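User: Please take a close look at one loop residue in this predicted model and the residues around it. Then set that part in the context of the whole chain.

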Amino acid sequence: MGKWIDKKQQKEQQLLGAAFTLFTTKGIANTSIADIAASAGVAKGTFYLYFRDKYQLQERLIVSKTGQIFRRAMERSNAEAYDSFCDWLIAIVDHVLQQLQEDQSVLRFINKNLSWGIFRQAIDRSSEDYLTIIKGVADQYNERVDNLQILVYTILELVGGTCYSVILEQDPTDLMHYKPYLYRSIRAIVGQFLTAEE
């Protein structure tokens with residue numbers, strides 16, 4: 001039974017990897033299910049054992065890639081020391097932006113879907129509860145956040161809504177020049193959510 005599950009997961013990973021490569025080189029519209037199956041080295045019928053269609057696979061990849069980006073950003077941020085909870089949050093955002101800047105094919109693929117909805121799906125698929133982790137960090141800094149979920153939502157939507165054009169098109173400016181404005185905005189937002197310890 002264990003080998004069968006391993007083979008099943010391996011085939012699913014082959015399909016995901018092949019689809020990501022094809023989607024980012026040929027585009028989703030120009031990639032067929034037959035292309036994905038052939039690139040993954042499986043029969044076309046095998047594709048349908050895992051995914052309804054290529055759009056379900058696309059959604060799964062977006063959630064997976066977004067989850068990987070957040071996981072790496074949190075790991076990198078947790079390895080450093082900060083003066084405040086806000087500084088830690090900004091470090092996470094900085095690590096996310098750095099990853100997207102370094103691998104713009106991922107950003108093109110995610111295509112403005114760096115959002116709360118995708119983050120929630122990534123949380124649901126993860127064994128880690130990111131909101132609990134974020135709350136734990138706020139507690140370490142003795143900072144109480146009023147409605148952490150809304151704070152995370154607001155920051156994600158701000159970053160996701162602005163980074164695409166800035167990174168890919170340098171519009172209205174490039175990322176280096178945009179970051180100070182973004183981080184000032186994040187500080188102002190976080191300030192609205194912090195409440196005095198009782």
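Analyst: Start with Thr-31. Its relative accessibility is 1%, so Thr-31 counts as buried, the cut-off being under 20%. Thr-31 sits in a loop, the one between helix H1 (2–25) and helix H2 (33–40).

What does Thr-31 touch, once neighbours within four places in sequence are set aside? The contacts are Leu-22, Phe-23, Lys-26, Ile-36 and Lys-54. Leu-22 and Phe-23 fall within the range of H1. Ile-36 falls within H2. Lys-54 belongs to helix H4 (residues 54–78).

Lys-54 deserves its own look. At 11% relative accessibility, Lys-54 is buried, because the limit is under 20%. Beyond four places in sequence, Lys-54 contacts Phe-23, Ile-28, Ala-29, Thr-31, Ile-33, Ile-36 and Phe-47. Phe-23 and Ile-36 appear in the contact lists of both Thr-31 and Lys-54. Lys-54 and Ser-32 are 22 residues apart in sequence, with their C-alpha atoms 7.7 Å apart in space.

Now the whole chain. The model is predicted, with a mean pLDDT of 89. Of its residues, 95% reach 70 or more. Confidence varies by element: helix H7 (residues 116–125) has the lowest mean pLDDT, 74, and helix H10 (residues 175–193) has the highest, 97.

The protein has 10 helices and two strands. Their order along the sequence is α-α-α-α-α-α-α-α-β-α-α-β. The C-alpha trace spans about 60 × 45 × 25 Å along its principal axes. Among contacts with a separation of 6 or more, 69% join residues 24 or more positions apart.

Of the 198 residues, 45% are buried. In soluble globular proteins, nonpolar side chains tend to be buried together. Here, the largest nonpolar core has 71 residues. Those with the most contacts inside it are Phe-85, Trp-88, Leu-97, Leu-100, Leu-151, Ile-155 and Ile-186.

Take Phe-85 from that group. Leaving out residues up to four places away in sequence, Phe-85 touches Ile-134, Val-137, Ala-138, Tyr-141, Glu-143, Val-145, Leu-148, Leu-151 and Leu-194. Leu-151 is itself among the residues with the most contacts in the core.

The surface comes next. The accessible area is about 10,800 Å². Carbon and sulfur atoms account for 49% of that area. There are 22 positive and 24 negative charges, and their mean positions lie 11 Å apart.

Two other loops hold backbone features to check. Most residues other than glycine have a negative phi, and most peptide bonds are trans. Asn-147 has a phi near 60°, a positive value in a residue other than glycine. Asn-147 lies in the loop between strand S1 (144–145) and H9. Its relative accessible area is 41%, so Asn-147 is partly exposed.

Gln-170 also has a positive phi, near 50°. Gln-170 lies in the loop between H9 and H10. At 43% relative accessibility, Gln-170 is partly exposed.

That loop holds a cis peptide bond as well. The bond joins Asp-171 and Pro-172, with omega about 10°. Pro-172 lies between helix H9 (148–169) and H10.

Back to the starting point: Thr-31 is a buried residue in the loop between H1 and H2, in contact with Lys-54, which is buried too.

How values were computed
Residues are numbered from 1 along each chain as its sequence is written. This is a predicted model: local features need pLDDT of at least 70, side-chain atom pairs count only at pLDDT 80 or more; totals for chains, interfaces and linings use all residues. Side-chain values use heavy atoms; hydrogens and water are left out. Helices (H or I, at least four residues) and strands (E, at least two) are DSSP runs, numbered from the N terminus. Buried means under 20% relative accessible area, exposed over 50%, partly exposed in between (1.4 Å probe, protein chains only). Contact means heavy atoms within 4.5 Å. Accessible areas come from the Shrake-Rupley method with a 1.4 Å probe; for residues, only the protein chains shown count as cover. Lys and Arg count as positive and Asp and Glu as negative; His and the chain ends are not counted. The place of a charge is taken as NZ of Lys, CZ of Arg, CG of Asp or CD of Glu. pLDDT is the predictor's confidence in each residue, from 0 to 100. A nonpolar core is a set of buried Ala, Val, Leu, Ile, Met, Phe, Trp, Tyr and Cys residues joined through side-chain atoms within 4.5 Å.
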